[in-house]
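Work through the following exercises with the coordinates open, and compare each step with the solution given beneath it.

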Amino acid sequence: MDDEQRRAVITDDDHCLLVAGAGAGKTTTMAAKVKYLVEKKGVLPEEIIVISYTNKAIGELKDRINRCLQLPAKVCTFHSFAFEIVKQFSTEPPEINFSSYQIVFEMLEKAVYHNKPLMRNLVLFMGYYFDLSEDVFKYDSLEQYHMMKAAHDYETLKSGLGEYISKVQYQRSKQIKTITGEYLRSIQEVQIANFLYLNGLDYQYERVYDHDIYGAKKKYTPDFFISQGEHTAYLEHYSLTESGYSNLLTPQQIAKYKKGIRDKRETHKRNKTTLLETWSLYNDRRPLLEHLKEILESEGFILKPRAFDEVYKKIVETGKDKYVIKLIYFMMNFIEQFKTSGYDEGGFEILRKRTDNPRTLLFLDIAEQVYNYYQNSLKERNEIDFADMTNDAHFYLQEIERQHLELPYKYIIIDEFQDIARQRFNLTKRLSEITRAKVVAVGDDWQSIYAFAGSDISLFTRFIELMGSGTELKITHTYRNSQELIDIAGGFIQKNSEQIRKQLVSPKHLEEPVIIIPFDDSFKPMVALSKAVENVIGEILAEYGEKSSILLIGRYNYDMYKLFNTGAFTQLAGIKVNCRKHPHANISFMTAHSAKGLGYDNVILINMFEGKFGFPCQLEDDPIMKLVTYEDKSMPFAEERRLFYVALTRTKNRVYIMAPKNKPSRFLVELIKDYNLPHPDDLNMQTVDLFNLRCPICNFPLKYELNKNYGLSLYICTNDPEVCDFMTNDRINRHDIFKCPKCEDGYMIIKKSPKNGLIFYGCTNFFNEDNKCSFSLSIKS
């Protein structure tokens, strides 16, 4: 043991935070601490409890402490310790529940029919808010709004329940295509569509206006055509506020938008058609749907709400996969995190005070009733789930104190403390207060990567402050990684000033510990990636031999499945992987999360793409879940940065980073720039534009979809059509389509001459034998 480890062993403060770097020998230090306490301090083994998180970690600690050192100290997980207290002080010890899904499913599929208010809330939530988290005014930047708008398909309730079927005639081939999904352009439009559906009004989305508009280059398609018998009206929903503002548009775009509104009003006035209008945000701050209801009723439409039990029954029968099952898993996750955050039934009122979002408030009303049903079911069955083990144990500790009972512990040693959740921290603190035991918290804030499971890194970094006093020690000598790798990984993680500062030291040295392996991701990226990985494996085998261990690390499990689909790799038992080109290589695959705490001879990072499913992951947590999980806002992608550090430090030798030339991860680009890592000249070192297809008019992303009104698959601008109505059929030569000036129903689209390869405008009716149109226009390059 080195001096830092010895100091950690003999320090005997009431509260000690031991910050141990990756590969620094914390298990050895913890075992030595127990040995020191028993042999030098005279502490009985049964007066020491060592707690960790996983059975694997517990196995290693038991092997070191109980078997090798022959010290019968208690070594257990938080859950097993908590369950032991619960069983000890319960009159009838409960059983562990492993079927929470079934309980929630029973309520949402069956019991809900006896609870009309809950059923109503469920229909409203699924109809207006499920998957539709926030309106456009909640986005921090235009780029974030672009991400949302281009990535989502906003499907209506009518569509989700199989009631939307439309026949579309392809403009060019005249073939008939049946569309069974109704997808809208925005969140609020879906809410409007679902309101109309749930109130018995027939509507058509973006139906072509019944009257020709002189001089128009494209078809006019109002947002909604609403009908009730002979009574009809058009509804336009504007993304401006009622006062005419938008924080996503420039003043020039707002002016253009307002002109578009004036033109629409004039068109409807001229043709004597009824135009109804709604706004994204009203001056009185009342919800959009309240205004919509008043507008419809004032226009003479009679709202006939569908029976909620009929709608809900159809949701359960027809839309189970899209709604019910998805909601069950979401609800289970929420309830687990709700408990892990230390809340009980009174927590819902606390959470309501933290939000004014109608979607979140509606969900909390639903979740509270599901939670109560779930807890009552557990009570009736005399069962307990894992989250309640810790909360109930905390309750029984208070009973132990009240009854003046004693627990034997004088020392509490907690492993992986950087992953501690609020409820476990509360349990630890209460246990130490009751027993007057000293607490040793061991971990590494650089490797705190489980916020999604309830961990709160601030409980580690503020440990001394929260406990009242204590000593912070560091173990900085690592025996896994080379000094050169440590310098790179350590510098990368410490760009976050909130991380505890430390300088790791290693006796190992290795030139070029991080090697960039480029591949062409412009065409069949997975095939190119698999070939590059094969070549790297060959290089590793040549240098380290076939017995050396190779770990492929992905950000997600399906990163490996995508490689399997290329045929170059196959899955073996467990985490083992076979490489067709190198069948005798010792290869494993793990995600960065599951690889934590492990070491391999060499590591290959296979997902270093920039994007929503890249590394860093750019998927946003649902705002509802943010109420019950800790979000580290110390810097962008703070937790992903720590996860990348974990991935880098799994190697005993080198890390090979598979680098896509066109869309490399921002983390990869940062490493290259900061540490001057060798890389090819054609590797894109600029900020990657996730939306590589942009509108040439307004620079918003283009979205590819079949447009039912034109009978064409088009790249359509995601901007509001009042601002920009660009659409094209050619992703390379992006020129706007427009109405053919020579025939009635043709449109000028981009075509390419088979003779000379030049592009030109040609009418869609060129192949129409009944109404052939050969009109064309040249396009200047």
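**Exercise 1. Cysteines.** Decide whether Cys579 is buried or exposed, and determine how many disulfides a search of the whole structure finds.

Solution. The model is a predicted one, and the first step is to take the relative accessibility of Cys579, which is 0%, so that this residue counts as buried. The second step turns to Cys740, which is likewise classed as buried, with a relative accessible area of 3%. The third step looks for a bonding partner: the closest cysteine sulfur to that of Cys740 belongs to Cys743 and lies 3.7 Å away, which is too far for a bond, since a disulfide requires the two sulfur atoms to be within 2.5 Å. The search of the whole structure accordingly ends with zero disulfides.

**Exercise 2. Aromatic pairs.** Classify the ring pair Tyr556 and Phe613 from the distance of its centres and the angle of its planes, and state where in the chain the two residues lie.

Solution. Begin with the total, which comes to 38 aromatic pairs. One of them, Tyr238 with Tyr257, is edge-to-face, at 6.2 Å centre to centre and with 85° between the planes. This pair links distant parts of the chain, given that Tyr238 belongs to strand S11 (residues 231–241) and Tyr257 to helix H10 (residues 251–270), 19 residues apart. Both Tyr238 and Tyr257 are buried.

For the pair in question, the ring centres of Tyr556 and Phe613 are 6.2 Å apart and the planes meet at 65°, so the pair is edge-to-face, the cut-off for that class being over 60 degrees. The two residues are 57 residues apart and link distant parts of the chain: Tyr556 is in the loop between strand S18 (549–554) and helix H22 (558–564), while Phe613 is in the loop between strand S22 (602–605) and helix H23 (623–626). As to accessibility, Tyr556 counts as buried at 12%, whereas Phe613, with a relative accessible area of 43%, is partly exposed.

**Exercise 3. Charges over rings.** Which residue lies over the face of Tyr556, and at what distance from the ring centre?

Solution. The residue is Arg555, which lies over the face of Tyr556 at 4.9 Å from the ring centre. A further case is found at Trp446, where the charged end of Lys502 sits over the ring, 3.8 Å from its centre.

**Exercise 4. A sheet and its edges.** Work out which strands stand at the edges of the sheet that contains S24, S25 and S26.

Solution. First write down the order, S24-S25-S26, in an open sheet of three strands with antiparallel pairing. Strand S24 (702–707) and strand S26 (727–728) each have a single partner strand and therefore stand at the edges, one side of each being left without a neighbour in the sheet. Next examine the pairing of S24 with strand S25 (residues 712–717), where six bridges join the antiparallel strands; within S25, Ile716 stands opposite Lys703.

**Exercise 5. A helix span.** Compare the end-to-end reach of helix H16 (residues 386–402) with the expected value, and list which of its residues are buried.

Solution. Helix H16 has 17 residues, and at 1.5 Å a residue 24 Å is expected; the reach from the first C-alpha to the last is 25 Å, which is close to that value. The buried residues of H16 are Ala387, Asp388, Met389, Thr390, Asn391, Ala393, Tyr396, Leu397 and Ile400. Just after H16, His404 adopts a positive phi of about 60°.

How values were computed
Residues are numbered from 1 along each chain as its sequence is written. This is a predicted model: local features need pLDDT of at least 70, side-chain atom pairs count only at pLDDT 80 or more; totals for chains, interfaces and linings use all residues. Side-chain values use heavy atoms; hydrogens and water are left out. Two strands pair if DSSP finds at least two bridges between them. Helices (H or I, at least four residues) and strands (E, at least two) are DSSP runs, numbered from the N terminus. Rings of Phe, Tyr and Trp (its six-membered ring) pair if their centres lie within 6.5 Å; planes under 30 degrees apart count as stacked, over 60 as edge-to-face and the rest as tilted. Buried means under 20% relative accessible area, exposed over 50%, partly exposed in between (1.4 Å probe, protein chains only). A charge sits over a ring if NZ of Lys or CZ of Arg is within 6 Å of the ring centre and within 35 degrees of the ring normal. The expected span of a helix is 1.5 Å times one less than its number of residues.
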